[in-house]
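The questions below concern a predicted model, and each answer gives its reasoning before it closes on the value or name asked for.

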Amino acid sequence: MQNHLKLALAQISPVWLDQKGTITKVKETIHTAAENNAELLIFGEGLVPGYPFWLAYTDGASWDLKINKEIHAHYMHNAIQVENGDLDEICDLAREHKLAVYLGIIERAPDRGGHSLYCSLVFISNKGEIKSVHRKLQPTYDERLTWAQGDGHGLKTHKLKQFTVGGLNCWENWMPLVRAAMYGLGENLHIAVWPGSDHNTKDITRFIARESRSFVVSVSSFMNKKDFPDNLPHIEHLLKKTPEILANGGSCIAGPDGEWILAPVVGKEEVIFQTIDFNAVYEERQNFDPAGHYSRPDVTRLVVNRQRQSTIEVED
């Protein structure tokens with residue numbers, strides 16, 4: 001039925017900082033979602049090749065430390081270049097299974113010189129086409145030591161059956177004007193991706209649902225020290241310094257009334273399935289619609305710059 005959409009929330013761990021190993025795990029998860037007739041599969045923030053947890057355990061803000069330079073270089077080698085076809089196999093599987101995918105990646109962007117990293121959220125349609133690559137606007141706290149600032153180019157929504165779906169990375173979900181931009185683009189199914197932990201998802205998920213009168217799906221990773229591959233630089237130091245659990249999950253779903261459909265799931269790695277009914281959006285918009293009858297564009301309006309930012313414009 002057009003009103004119903006089956007979701008798959010991939011609360012999985014990466015093969016940490018290993019692009020090929022993590023992509024293999026993503027492909028296995030796509031097969032699992034397809035076997036369960038999912039129509040939209042969502043992975044956590046920066047899953048491929050993983051979140052920069054090391055910065056909290058390597059004195060990351062100290063100047064010129066060799067350990068941080070060497071792990072960062074390893075991170076660069078394992079980052080994704082979309083233009084080079086690094087996601088082609090995932091796109092092929094999405095097309096084969098008619099499955100739309102939101103995937104968090106660490107992107108090494110050639111259009112910005114190819115030597116900086118961006119935390120990006122990629123939407124792949126059920127035809128296997130990359131429709132948007134949203135680079136996180138503002139890295140949070142120690143993320144700024146390894147990620148660059150993104151731009152508004154990827155602030156886009158996409159039609160999926162009756163739904164209009166859009167997504168943001170982690171603490172972008174706390175940015176009021178960015179949320180307003182997504183509401184104005186017609187979003188009624190909001191995807192929030194996180195590195196993992198219910199302390200991030202337990203409040204903001206229901207808040208956005210209540211504010212927007214939309215479905216909100218938060219997807220986090222789960223990760224512990226067992227996910228450290230043997231080829232990780234400075235692995236002995238990291239094994240000594242890091243806690244057993246680095247990300248406890250917290251994936252969840254709130255309905256347009258702000259109530260839980262799925263309360264945060266913590267402490268385990270799994271793919272979670274849930275079907276949602278679009279009619280709930282129309283029911284809750286009856287009394288509040290933030291970009292429609294409950295807005296005042298004659299008083300306040302928002303300007304959104306969706307140009308892809310670059311330092312040069314080349315004319316041949």
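Q: Does S221 count as buried or exposed?
A: Buried stands for under 20% relative accessible area, exposed for over 50% and partly exposed for what is in between, with a 1.4 Å probe and protein chains only. Because its relative accessibility is 5%, S221 counts as buried.

Q: Where is the place of S221?
A: Helices (H or I, at least four residues) and strands (E, at least two) are DSSP runs numbered from the N terminus. Residues are numbered from 1 along each chain as its sequence is written, and in this numbering β9 covers 215-220 and β10 covers 222-224. The place of S221 is therefore, by these runs, the loop between β9 and β10.

Q: Which residues is S221 in contact with, leaving aside its neighbours within four places in sequence?
A: Contact is taken as heavy atoms within 4.5 Å. In this predicted model, local features need pLDDT of at least 70, side-chain atom pairs count only at pLDDT 80 or more, and totals for chains, interfaces and linings use all residues, while side-chain values use heavy atoms, with hydrogens and water left out. On that footing, S221 is in contact with Q11, I12, G44, L47, W194, P195, G196, A247, N248 and G249.

Q: What volume does the largest cavity have?
A: On a 1 Å grid over the protein atoms alone, a cavity is a set of points where a 1.4 Å probe fits but cannot get out, a pocket is an open set with protein on both sides within 12 Å along at least five of seven lines, and lining residues have an atom within 4 Å of a point. Grid points are joined across faces, edges and corners, and a volume is the space filled by probe spheres set on the points. S221 is one of the residues that line the largest cavity, and P14, E45, G46, L47 and Y51 are also among them. The volume of the largest cavity is about 50 Å³.

Q: How many residues of each class are in the lining of the second largest cavity?
A: The second largest cavity, of about 40 Å³, is lined by Y102, L121, S132, H134, G154, K156, H158 and G167. Ala, Val, Leu, Ile, Met, Phe, Trp, Tyr, Cys and Pro count as nonpolar, Asp, Glu, Lys and Arg as charged, and the others, Gly among them, as polar. The lining thus divides into two nonpolar, five polar and one charged.

Q: Which helix gives the most to the lining of the largest pocket?
A: The largest pocket has a volume of about 480 Å³, and of its 18 lining residues A180, P290, T300, R301 and L302 lie nearest its centre. By class, this lining has eleven nonpolar, three polar and four charged residues. With six residues, the helix that gives the most is α4 (residues 176-184).

Q: How far apart are the end C-alpha atoms of helix α2?
A: The expected span of a helix is 1.5 Å times one less than its number of residues. The twelve residues of α2 (residues 66-77) should therefore span 16 Å, and this agrees with the distance between its end C-alpha atoms, 17 Å.

Q: Which residues of the largest nonpolar core touch the most other members?
A: A nonpolar core is a set of buried Ala, Val, Leu, Ile, Met, Phe, Trp, Tyr and Cys residues joined through side-chain atoms within 4.5 Å. Of the 27 residues in the largest such core, those that touch the most other members are L41, F43 and L103.
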